[in-house]
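Please examine the sequence and the three-dimensional structure shown below. The paragraphs that follow take up the cysteines, a pocket and a pair of strands in turn.

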Amino acid sequence: MLRFATSLAARQGTLWIARWDGEWRVVPCDFDGRQLAPGFVIPPESGARAEVTSIAVDEDRRVWVVDHAAGRVRAFTAFGRELAGLPRGADDRAGSLADPVALDVCGVEDAARLVVASGGARRHALHVVRADARAAVALRPRDAEQGFPGLGRVAFGPGGLLFACEPASGLVLVWRDGQFHFAFRPPQGGTPRAVRALADGRIVVATADESGGALELLDPAGRLLRTIARGGGACAGELQEPEDLALDASGGSDRRVRVVVADLSGVRLSVWNLEGDCYGAFEAEPGRAAEGS
């Protein structure tokens with residue numbers, strides 16, 4: 001079962017951070033770590049303390065939250081007013097969003113679509129569903145007989161692509177237009193922890209291993225183009241057990257794309273470009289600019 005200390009989302013040049021500081025709080029920042037607004041606290045549902053494992057922000061600035069304690073996907077405005085969200089699932093069947101652990105979102109208004117990953121070994125662990133909770137479609141696993149052994153982070157990509165980390169197998173799974181497309185193992189090994197795709201089809205993957213992990217830029221087939229960052233420890237420019245990543249490609253060129261990785265149990269957020277330059281790091285506490293930025 002996934003329990004992350006920090007989850008990230010990027011939308012329209014804003015980095016959204018969900019972090020634990022005695023309660024779960026979601027705050028918007030710029031990509032240097034400066035807080036842009038007060039953010040809001042995720043309130044408990046039905047008396048249970050909220051437990052956030054993943055967030056996503058859509059084009060309408062709705063913040064979608066996987067609340068593991070509530071067992072469902074909740075939705076909020078950018079100011080923290082709770083919206084309808086998605087219904088709680090109950091069992092391993094198509095259309096049941098049971099035990100959600102990760103999500104991503106694309107599109108606008110009621111036509112927005114969410115991909116929701118359920119935890120644990122199950123056959124119906126990955127669904128695409130509309131924001132109004134209609135038309136939930138279960139995606140076929142890589143192995144129809146074995147099902148999913150356990151999913152992690154998920155992400156929409158360009159051209160109908162969808163990505164899912166499968167830590168149990170060490171693979172990143174890829175679907176196109178709802179059909180299983182292929183799977184790849186990160187070129188330098190390690191456990192895939194988070195994945196994002198650029199508009200041109202290139203893929204950014206964060207992995208964890210005994211050395212700390214790696215941040216890799218891959219081509220659309222999953223082949224290594226560049227190692228952006230390597231594992232090491234707590235030093236700037238190194239990775240230690242990454243948990244999530246977000247990217248802002250609005251700058252255009254590889255030098256201007258910002259990639260933010262949460263590691264060190266979610267305490268540190270480090271910022272790179274796609275050429276491997278590290279801009280510095282800041283703690284997962286808004287209001288503090290990145291060192292060296």
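Why does the sulfur of Cys165 form no bond with the closest cysteine sulfur? In this predicted model, the closest cysteine sulfur to that of Cys165 belongs to Cys106, and the two are 17 Å apart, which is too far for a bond. A disulfide is a covalent bond between the sulfur atoms of two cysteines. To count as a disulfide here, the two sulfur atoms must lie within 2.5 Å. The search from Cys106 leads to Cys165, again at 17 Å and too far for a bond. The structure as a whole holds zero disulfides. Cys165 also counts as buried, because its relative accessibility is 0%.

The next feature is the largest pocket. Its space amounts to about 850 Å³. The lining consists of 43 residues, and those nearest the centre of the pocket are Asp104, Phe156, Gly157, Pro158 and Ala197. By class, 26 of the lining residues are nonpolar, six are polar and 11 are charged. Several strands each supply at least two residues of this lining, among them strand E1 (6-11), strand E8 (100-106), strand E12 (154-156) and strand E16 (191-197).

Finally, consider two strands that pair with each other. Strand E14 covers residues 171-176 and strand E15 covers residues 179-184; the two run antiparallel and are joined by five bridges. One residue pair illustrates the arrangement: Trp175 has Phe180 in E15 as its bridge partner. E14 and E15 form a hairpin, with two residues between them. In the turn, Asp177 has a positive phi of about 50 degrees.

Methods. Residues numbered from 1 in each chain as written. Predicted model: local features only at pLDDT ≥ 70, side-chain atom pairs only at ≥ 80, totals over all residues. Heavy atoms only, no water. 1 Å grid on protein atoms, 1.4 Å probe; cavity = no way out; pocket = protein on both sides within 12 Å on 5 of 7 lines; lining within 4 Å. Points joined across faces, edges and corners; volume = space filled by probe spheres on them. Helix = DSSP H or I, 4+ residues; strand = E, 2+ residues; numbered from the N terminus. Nonpolar A, V, L, I, M, F, W, Y, C, P; charged D, E, K, R; others polar. Buried < 20%, exposed > 50% of the residue type's maximum accessible area, 1.4 Å probe, protein only. Pairing = 2+ DSSP bridges.
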